[in-house]
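Trainee: Could you take a close look with me at one part of this protein? I'd like to follow the empty space inside and what surrounds it.

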Amino acid sequence: MRHLTTILLFPIILILGLGILSCGQKTPENEISIGEYSSLTGTTATFGQSTHRGILMAVNEINNAGGVLGKKIKLQTEDDQSKPEEAAMAVTKLISRDGVKAIIGEAASSRSLAAAPICQANHIPMISNASTNPEVTQKGDYIFRVCFIDPFQGEILAKFIYNSLKLKRVAILKDVKNDYSIGLAKFFEESFKKLGGEVVDSRAFSEGDTDFKAQLTALKAANPEAILVPGYYTEAALIVKEGRELNMNMPFVGGDGWDSEKLIEVGGAAMNNTYFCTHYSAYDPNPIVQNFVMQYKKTYKVAPDALAALGYDAAMLLFDAIKRAGSTDGDKIRQALATTKDFPGVTGSITIDPERNARKPIVVLEIADGKMKFKETIQP
Ligand code: PHE
C-alpha cells in the first residue's frame with residue numbers, strides 16, 4: 001500500500017516541480033503577481049512616487065478585503081529612473097523574470113511608448129495610469145489607459161485660454177525630447193487656431209535644460225498675451241521663474257505635466273497667475289474623492305496628486321477586470337479590460353472606449369497666493 005502511494009505520488013510531485021521550474025515564476029499558488037514600472041527616481045521622480053503610493057493603497061485595500069479570485073495580489077515594482085530605455089528593461093524583467101499577469105505603468109508617455117510594444121508582444125495587458133499621448137494605446141490591443149488623451153487636453157487648454165482668459169495671442173515653449181510635450185503643443189495649436197487664436201511664436205528646449213532665457217527673450221519679442229508650456233514640472237517651474245525675471249508677467253499655462261507639489265516648491269511666487277489642467281482635484285467634494293484623500297493622507301501624510309489618484313484607479317480597474325475575467329489569462333484579462341463600463345474611479349467614472357482610452361472630465365487649476373486652487377471641471 002505504501003509502495004503504491006509512492007508510485008502514484010512521485011509523478012505528481014515531479015510534474016509540479018517541473019511546472020514551477022519551467023514557468024520560472026516564484027509566485028506561490030495563492031498569489032497573483034502584478035507588475036508596476038515607475039519613475040521612482042530621476043528627473044520626474046514625483047510622478048513615479050505618487051503613482052506607486054496610489055497603486056500600493058489599492059493593493060492593500062483589495063488584499064485586506066480578501067484579494068482577487070481568492071488570491072492575494074503581489075505587487076512587483078521596477079524603478080525606470082525616468083528613462084524610456086530603462087522602462088523597456090523594466091517590463092522585460094517583470095514579464096520574463098517575475099511572470100507578472102498584467103502591468104501598470106507608466107505615467108510619462110515616452111516611457112509608456114518604449115514599454116508598450118514589449119507588453120503587446122508578450123500578450124501581457126498594460127494599463128497606463130497617466131500617459132496622454134494618443135500613440136500609447138495604438139501600440140496594440142493589450143495596451144490600455146485610465147486617463148484622457150492629448151487631443152482633448154489640447155482642445156480644453158485652447159478653449160480655456162481663448163474663452164475663459166479671453167486671450168488671443170499665445171507663444172509656446174515645448175520640450176522636443178518628450179513625446180507628450182510635442183503632441184500636446186501640436187493639438188493645442190490646431191484647436192487654438194480653429195477658435196481664431198494666433199500662435200505668435202514657438203520655441204524648444206530639451207529635458208534637463210536649466211537655462212531658458214534665450215528662448216523666453218525671443219518669445220517675449222513676439223508680444224504674446226499668454227505662454228503655453230506643455231512640459232513637466234521640473235522645467236516648467238524654472239521656465240516660469242526665469243520668465244518673471246525677464247518681466248514676463250502674463251499668464252503661463254500648462255497641462256497635466258505640471259501636476260506636482262514640486263512645481264510651487266521650485267517656482268515659488270513666480271507661479272502666481274499660472275494655470276494648468278489635470279485629471280482630478282483633491283478639493284472635489286465628491287465623497288469618493290474625499291474618502292480617497294483622507295485615507296491617502298493618513299498613510300502618506302501628504303495630499304494625493306493626480307498621479308496618485310490615477311495609480312489607484314488603474315490598479316482598482318485592473319482588479320475589477322481580473323474578477324470579471326474569472327482568470328489571470330492575459331487574453332481574458334484584456335477582454336475584460338476592453339469592456340470596462342462606468343467604473344467608479346476617484347478621477348471620475350471610467351469607460352474604456354474601442355481605442356482602449358478613457359473618456360474623462362478634465363480639471364483646470366489656478367495658482368494664486370502660492371496655492372493651487374480648483375477653477376473648473378470640464379466634461380468631455
Ligand atoms: N500626461 C503626461 C504624459 O503623458 C504624464 C502626466 C500625467 C504627468 C499626469 C503628470 C500628471 O507624459
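Into which domains is the protein divided, and what can you tell me about the largest cavity?

Mentor: Happy to! Keep in mind that this is a predicted model. The protein is divided into domain 1, made of residues 10-148 + 287-360, and domain 2, residues 150-278. Taken over C-alpha atoms, the centres of domain 1 and domain 2 are 31 Å apart.

Let's start with where the two domains meet. There, 18 residues of domain 1 are in contact with 20 residues of domain 2. About 1,500 Å² of area is buried between domain 1 and domain 2, and carbon and sulfur atoms give 54% of that area. As for salt bridges, zero are found across the interface of domain 1 and domain 2.

Now for the empty space. Rolling a probe the size of a water molecule over the atoms shows where such space is left. Counting cavities of 30 Å³ or more gives one, and the largest cavity has a volume of about 130 Å³. Both domains take part in its walls: domain 1 and domain 2 each supply at least three residues to the lining of the largest cavity.

In total, 15 residues line the largest cavity, and those nearest its centre are Ala107, Ala130, Asp256, Gly257 and Leu307. By character, the lining of the largest cavity has nine nonpolar residues, five polar ones and one charged. Helix H11, which spans residues 306-325, gives the most to this lining of the largest cavity, with three residues. If you have the structure open, Leu307 is a good place to begin, as one of the residues nearest the centre of the largest cavity.

Methods. Residues numbered from 1 in each chain as written. Predicted model: local features only at pLDDT ≥ 70, side-chain atom pairs only at ≥ 80, totals over all residues. Heavy atoms only, no water. 1 Å grid on protein atoms, 1.4 Å probe; cavity = no way out; pocket = protein on both sides within 12 Å on 5 of 7 lines; lining within 4 Å. Points joined across faces, edges and corners; volume = space filled by probe spheres on them. Helix = DSSP H or I, 4+ residues; strand = E, 2+ residues; numbered from the N terminus. Nonpolar A, V, L, I, M, F, W, Y, C, P; charged D, E, K, R; others polar. Domains from an automatic or database assignment. Contact = heavy atoms within 4.5 Å. Buried area = accessible area lost by both parts, 1.4 Å probe. Salt bridge = Lys/Arg side-chain N within 4 Å of Asp/Glu carboxyl O.
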